[in-house]
Amino acid sequence: MIAIPAIDLREGACVQLVGGSYADERVRVKDPLDALKRWRSYGFKTFHVVDLDAALGKGSNEGPIGKLLAHEPGLTFSVGGGVRSTAKVESVLALGASYVVVGTKAIEDAEWLREVAERYPGRVVVAADVKGREVVTRGWTAGSSLDIANVLKTLEPLPLGGLLVTAVHKEGQMEGVDLPLMEEVARSSRHPLFASGGVTTVEDLRALGRVGAFGAVIGMALYTGTLDATEVAREFA
């Protein structure tokens, strides 16, 4: 399993929010490139970039994203946030993203998802943001009335690059991961699982690896120093 630092973008800066709440921002790095360079210095090679403004329809961080992706060859980036059209999928991949992450549109429009997944096989990652067991959309502000198990069944036949499952109820809390949820997803789906939400300790990472996660996205715990980046990189970069 690999550990993947999160680079969440808001108003051109790299931030960390608690539970996805714009009112509860705990970390801000003015230049996202500084965050990337910091995590690279430890040896991390794979990164998850989210345009929070685009996810909520409040703007775009395409400029900063382009700078991140162009900074150094050979790195792997998954990029998401507000990707709700085929044109946007194409533009994100054209910027140099290894994977494009689609959430709201993928959950709400199964036919569109099938079309883009088949057009770009292995490069589309579906973000399933889960609160309790319900998949939520639109920057975690809207419920879908869909249970995660039902969503997994519909995604199973598609040529996806993976599933990014975020336990919203754990996000930014630094109280540990929802291991039963992640184990269920790993067992139920053939797609690689990228787990997110609540990673706080190295043991959290080991536990996710044991239940079958391919990767784990880490945010708050890395940025606040709760997780020792050197230790994490040594075992999981």
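**Close-up 1. Burial of Trp-39 in the predicted model.** Trp-39 has a relative accessible area of 0% and is therefore buried. Its partner in a ring pair, Tyr-42, has a relative accessible area of 35% and is partly exposed.

**Close-up 2. The tilted pair of Trp-39 and Tyr-42.** A search of the whole structure finds 4 aromatic pairs. In the pair formed by Trp-39 and Tyr-42, the ring centres are 6.1 Å apart and the planes stand at 35°, so the pair is tilted. An angle of 35° falls between the limits of 30 degrees for stacked and 60 for edge-to-face rings. Both residues belong to helix H1 (residues 32-42); because they are 3 residues apart, about one helical turn separates them.

**Close-up 3. The cluster of Trp-39, Tyr-42 and Tyr-223.** Trp-39 and Tyr-42 do not stand alone, since ring pairs link them with Tyr-223 into a cluster. Within this cluster, Trp-39 is buried, whereas Tyr-42 is partly exposed.

**Close-up 4. The edge-to-face pair of Phe-194 and Phe-214.** The centres of the two rings lie 5.4 Å apart, and their planes are at 75°, so the pair is edge-to-face. Phe-194 is part of strand S11 (residues 193-196), while Phe-214 sits in the loop between helix H9 (202-210) and strand S12 (215-218); the pair therefore ties together parts that are 20 residues apart in sequence.

**Close-up 5. Accessibility of Phe-194 and Phe-214.** Phe-194, with a relative accessible area of 10%, is buried. Phe-214 counts as partly exposed, at 44% relative accessibility.

Note on methods: Residues numbered from 1 in each chain as written. Predicted model: local features only at pLDDT ≥ 70, side-chain atom pairs only at ≥ 80, totals over all residues. Heavy atoms only, no water. Phe/Tyr/Trp six-rings, centres within 6.5 Å; stacked < 30°, edge-to-face > 60°. Helix = DSSP H or I, 4+ residues; strand = E, 2+ residues; numbered from the N terminus. Buried < 20%, exposed > 50% of the residue type's maximum accessible area, 1.4 Å probe, protein only.
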